[in-house]
Amino acid sequence: MIYRSHILVCAGTGCTSSNSLQIIDNFNNLLAEKGYEKEVQVIRTGCFGLCAAGPIVVVYPEGVYYSRVTPEDVEEIVNEHIIKGRPVERLIYKEHDADGTSTTLNDSSFYKKQHRIALRNCGRIDPENIDEYIAFDGYKALGKCLTELSRDDIVDILLASGLRGRGGGGFPTGLKWKFAKAPESDVKYVCCNADEGDPGAFMDRSVLEGDPHSVLEAMAIAGYCIGAQQGYIYVRAEYPIAVKRLRIAIDQAREYGLLGDNIMGTGFKFDIDLRLGSGAFVCGEETALLASIEGQRGEPRTRPPFPAVKGLWGKPTLLNNVETYANICQIILNGADWFASMGTEKSKGTKVFALGGKINNTGLVEVPMGTTLREVIYDIGGGIPNGKKFKAAQTGGPSGGCIPAEHLDIPIDYDNLNSIGSMMGSGGMIVMDEDNCMVNIAKFFLEFTVDESCGKCPPCRIGTRRMLEMLTRITEGKGQPGDIEKLEELAKNIKASALCGLGQTAPNPVLSTIRYFRDEYEAHIYEKRCPAGECKALLNFVIDPEKCKGCSLCAKKCPVGAISGEIKSPFTIDTSKCVKCGLCMESCKFKAIEKK
Amino acid sequence: MKTLQELEAIRQKKINELNLRESTEGNIRVVVGLATCGIAAGARPVMTAFVEEVSKRQLNNVTVSQTGCIGMCRLEPIVEVLEPGKEKVTYCKVKPEQVSRIVAEHIVNGNPVVEYTIGSYE
Ligand SMILES: Cc1cc2nc3c(=O)[nH]c(=O)nc-3n(C[C@H](O)[C@H](O)[C@H](O)COP(=O)(O)O)c2cc1C
Ligand code: FES
């Protein structure tokens, strides 16, 4: 079947939640009604990365890029664009900075600085159609490995490529494969970590939703390399679309004989099954993850022995992250030198980041290692909304730290981020502006780790809770001199003594905010003041008598009757009654009310 | 079970379809008038015939797309062939049977089929 036009509709989670499935239905119904279903094909794709502007619809062959499409817009697109050939101007994606419209998405600055390897097929192919994956060289890398490369060749290629694990640790992937290949064992396993527990991160989800076969193919290559016949993908049950697409992909691959016995007639045997996790952050830690696959409690254990020696059911096991796998086939096809030509000295290739927080283009970006934070936030991310000032970006989620404005020009790679007290992590990047209180941010992340601590080791179970109590006190204006030092000491001890990565890294957000924003901590403790104006307990709303015209509007709006005064003379706020809701400030026409 | 050769065959077949979808700047553009007037005069089968002919011959540098009313409704179906650096050629009252000749003589070999062009009708 050949079509003259293709309508690609994003069915990533972001766009699905803003109704893109309804859009797909509407397109199909309307095209059928008008008799165009044989000429125009509607295709669901994975995430385009520009979720902030979703739902995204792209019409080929023109490559016209529509954003914020609603189900009601479908009729106009069909009538105008599909039938009459006139793109619907009002829906075409416009960038924040320029007023010139770009109709083809590759010209927009959001995509220009990106380099897509792991995400190469997302938004381009139909993830539920194995033929489309095959068309873009899918399963060619597996074929090459099985027929041309020895198991040692594959390890050598990965070592030379410089690929490092994208799950957070940044361990060299080639080395990991070498360790997993070394032990003699008739049974070994290949596992994929698709747990993605880092709040705000959705890189792995997008790869699974947009290009599931790339992970399956890489796992089969890993199976051939280390000598395993069974693979498991540990994916969280909260990712229903990813789970569904993975199931479809596995079925299709089995049907084509790309999984199962005697793959491509070479005698190699490999199969993959899914294991659903129920969303505990600690189950992303490798030993806890393997325990969970075995049906045990998701609790970590001490290492060594490392999984490469003693993993799933005591057998040698290779565990990699989704994005790590998504790079493998491209490295096999294009060579180690190609991959190593991108990035910095010790961090090669690209990294996917999930941009979130106070940023215009919330979404997914893939940039070469060594791109600066400034380029990611301002050129690709479109800067901070409402003309606010950048304060810091948190990378590495609850295990990472914040990067303040003074380090905006540092090239992003594993080692640089470590040296400034943050880390690469799995790729979450949360942007904060001048209205964010850094003590509160640290408290937010610590609340997360306290909730998610599995409770097996005391430093993490009790230590992080004590730290959280101290932070809560500080944000409530009850901080005492010496609190900062106590936090630092406790942090040092927890880092040194916790059992697994969760506890060992939990204090990082606190330490890095103290490092760069100690003055904010001090203002909270010594002056009982929150400079960003976020900590409610430390705020007072006051009316400036010079500006107040005595209109009484604020007094009428106040839900607790805390404002009083005579008409035409300045009003006052009774701070003992005030609940700090901010309604008065919003309602005042003379900007006479301030937060102090 | 698929062998490497069979995979390659799927790849070849599918990539043509996908290239057709993605080529935003194909060297040659075939534009079919698909407004109400064109459709009423039978432009749809013409469009389909072009798409099929182009993909059968694997002409990856050719895109077939649609456009609105050009204003000469009496001469529909109208098809325009645009090549970079050349005057555009406008065919009128195109019938599906004529498509393979236009593709073979004009698009592949560069000689417009004069007898089908607008000059012969005016
Ligand atoms: C608390 C904790 C949570 C983790 N969560 C994830 C996760 O969600 N996804 C992931 O790929 N790795 C996660 N990791 C890292 C894994 O333990 C492991 O290092 C990684 O999956 C290895 O794959 P890679 O070498 O390809 O990065 C987590 C580690 C810790 C300590
Ligand atoms: S989910 Fe549609 S662009 Fe991300």
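**Exercise 1. Identify the residue that pairs with A:Asp152 in a salt bridge, and state where the two partners lie.**

Solution. The partner of A:Asp152 is A:Lys181, with the closest N and O atoms 2.8 Å apart, which fits the definition of a salt bridge (a side-chain nitrogen of Lys or Arg within 4 Å of a carboxyl oxygen of Asp or Glu). The pair links distant parts of the chain, since A:Asp152 belongs to helix H7 (residues 151-161) of chain A and A:Lys181 to helix H8 (residues 173-181) of chain A, 29 residues apart. Helices here are DSSP runs (H or I, at least four residues) and strands likewise (E, at least two), numbered from the N terminus. A:Asp152 has 44% relative accessibility and counts as partly exposed, a class that lies between buried (under 20% relative accessible area) and exposed (over 50%), with a 1.4 Å probe and protein chains only.

The model is predicted, so local features need pLDDT of at least 70 and side-chain atom pairs count only at pLDDT 80 or more, whereas totals for chains, interfaces and linings use all residues. Residues are numbered from 1 along each chain as its sequence is written, chains are lettered from A and ligands numbered from 1 in the order in which they are written, and side-chain values use heavy atoms, with hydrogens and water left out.

**Exercise 2. Determine how B:Glu105 and B:Arg101 are placed relative to each other.**

Solution. Both residues lie in helix H4 (residues 96-108) of chain B, four residues apart, about one turn of the helix. An α-helix has 3.6 residues a turn, so residues three or four places apart point the same way. The two side chains form a salt bridge, with the closest N and O atoms 3.0 Å apart. B:Glu105 is partly exposed at 30% relative accessibility, and B:Arg101 is also partly exposed, at 29%.

**Exercise 3. Describe the contact between chain A and chain B, beginning with how many residues each chain gives.**

Solution. Chain A gives 42 residues and chain B gives 28, where contact means heavy atoms within 4.5 Å. The area buried between the chains is about 3000 Å², of which carbon and sulfur atoms give 60%; buried area is the accessible area (1.4 Å probe) that two parts lose on being put together, summed over both. In chain A, the residues that lose the most area to chain B are A:Ile2, A:Arg4 and A:Pro61, together 20% of what that side buries. Two salt bridges cross this interface. B:Arg11 forms a salt bridge with A:Asp137 at 3.9 Å between the closest N and O atoms, and these residues belong to a salt-bridge network with A:Lys140 and B:Glu8.
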